[in-house]
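Grab a pencil and your favourite viewer. Here are some exercises to work through at your own pace.

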Number of protein chains: 2
Amino acid sequence: MRIGELAEKTGVSRDTIRFYERNGLISSSVSDSTTNNYRDYKDDCVVKLKFFAGAREAGMSIADLRSIMDSTADSCDPEVGRRVIQSKITELKERAGQIENVIRFLENVKNGSG
Amino acid sequence: MRIGELAEKTGVSRDTIRFYERNGLISSSVSDSTTNNYRDYKDDCVVKLKFFAGAREAGMSIADLRSIMDSTADSCDPEVGRRVIQSKITELKERAGQIENVIRFLENVKNGSG
DNA sequence: TAAAACAATGGACAATGATCCACGGTTTGA
DNA sequence: TCAAACCGTGGATCATTGTCCATTGTTTTA
């Protein structure tokens with residue numbers, strides 16, 4: 001599919017898609033056409049971009065996402081890949097714990113002890 | 001206390017403390033001394049800065065933190081303040097849910113279905 | 001077939017959240 | 001007393017994460 005359709009399906013803007021591609025989060029191929037140099041995006045880009053949107057909201061950086069993408073590449077040792085992903089999971093759990101702390105703090109403030 | 005001691009106690013750098021102060025997250029008074037214009041920070045700054053550090057890790061912005069600080073000021077209607085804080089709590093809970101989703105996704109990837 | 005919509009490229013711009021640096025003045029401690 | 005460590009101010013710089021724009025070319029559609 002072309003970039004417009006991909007943007008439509010994912011809710012991620014064309015500019016942002018191009019930005020992500022420049023930063024190695026997704027890749028595309030050149031279209032079959034001989035008259036243009038439009039890019040062709042596969043269905044997996046839809047899945048990835050939707051994941052990225054959620055992951056960004058969860059506080060993951062582009063660099064985090066790139067390391068995850070790299071770690072799932074065929075060229076990557078599966079054991080290394082699992083370690084990378086496990087470390088991101090650990091970070092996310094820490095962040096979730098931090099959020100719990102902040103929520104507790106704010107509940108206290110709201111209930112008058114702040 | 002002076003800024004160096006505050007930085008020492010909180011782990012927040014002097015530059016960052018000054019940055020936060022410029023942005024209205026904390027305030028200080030001028031020291032008693034007539035020979036310098038050093039700032040004087042009260043103990044509550046320690047508590048606030050530690051909270052800020054956790055809250056930033058939890059994904060809250062400076063603007064979020066400022067609105068919370070404003071909402072706890074004496075000049076603020078307590079009911080308004082509670083609403084502001086409640087809305088931040090709600091946002092944090094949504095973020096926590098998003099983190100759970102991402103963790104589940106990554107667990108799946110790690111376990112081979114990705 | 002002409003206008004509208006779409007695409008690629010490259011670079012400018014912006015907001016956020018810091019960090020760093022130079023300067024001149026102050027305090028501290030050896 | 002004198003150097004080292006500290007302080008305030010102001011501005012420069014930086015990384016991150018996009019967004020916007022101009023230009024040029026292509027496709028779609030009315």
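What follows is a set of exercises, each with a worked solution.

This is a predicted model, where local features need pLDDT of at least 70, side-chain atom pairs count only at pLDDT 80 or more, and totals for chains, interfaces and linings use all residues. Residues are numbered from 1 along each chain as its sequence is written, chains are lettered from A and ligands numbered from 1 in the order in which they are written, and side-chain values use heavy atoms, with hydrogens and water left out.

**Exercise 1. Find the protein surface near DNA strand C and work out which elements supply it.**

Start with the residues. A residue is near a strand if one of its heavy atoms lies within 4 Å of it. DNA strand C is surrounded by 21 residues, and the closest are A:Arg14, A:Arg39, B:Thr16, B:Thr35 and B:Arg56.

Next, sort them by class. Ala, Val, Leu, Ile, Met, Phe, Trp, Tyr, Cys and Pro count as nonpolar, Asp, Glu, Lys and Arg as charged, and the others, Gly among them, as polar. That gives six nonpolar, eight polar and seven charged residues near DNA strand C.

Now the elements. Helices (H or I, at least four residues) are DSSP runs, numbered from the N terminus. At least two residues each come from α1 (3-10) and α2 (14-22) of chain A and from α2 (14-22) of chain B. With four residues, α2(B) gives the largest share.

**Exercise 2. Decide which part of DNA strand C the protein meets, and list some polar contacts to phosphate.**

Look at the DNA atoms within 4 Å of the protein: on strand C, 80% belong to sugar or phosphate, and the rest to bases.

Then pick out polar contacts (pairs of N or O atoms within 3.5 Å; within protein, one must be able to donate a hydrogen and the other to accept it, and residues adjacent in sequence count only if both atoms are side-chain atoms). A:Arg39 uses a backbone N or O atom, 2.6 Å from a phosphate oxygen of strand C. B:Tyr20 puts a polar side-chain atom 2.8 Å from a phosphate oxygen of this strand. For B:Arg56, a side-chain N or O atom is 2.6 Å from a phosphate oxygen of strand C.

**Exercise 3. Repeat the analysis for DNA strand D.**

Again, count first: 21 residues surround strand D, and the closest are A:Asp15, A:Thr16, A:Arg56, B:Arg14 and B:Arg39. Sugar and phosphate make up 77% of the strand D atoms within 4 Å of the protein.

On the protein side, α2(A) supplies the largest share, four residues. For phosphate contacts, check the polar side-chain atoms of A:Ser13, at 3.2 Å, and A:Ser33, at 3.4 Å.

**Exercise 4. Describe how α1(A) and α2(A) are placed.**

Fit the axes (lines through C-alpha atoms, over the stretch in contact, with angles from 0 to 180 degrees between N-to-C directions). They come within 9 Å and cross at roughly 105°. Angles of 65 to 115 degrees count as roughly perpendicular, so α1(A) and α2(A) are roughly perpendicular to each other.

Finish with the contact (heavy atoms within 4.5 Å). A:Ile3, A:Gly4, A:Leu6 and A:Ala7 of α1(A) meet A:Arg14, A:Ile17 and A:Arg18 of α2(A).

Terms used: Angles under 35 degrees count as roughly parallel, over 145 as roughly antiparallel, 65 to 115 as roughly perpendicular and the rest as oblique.
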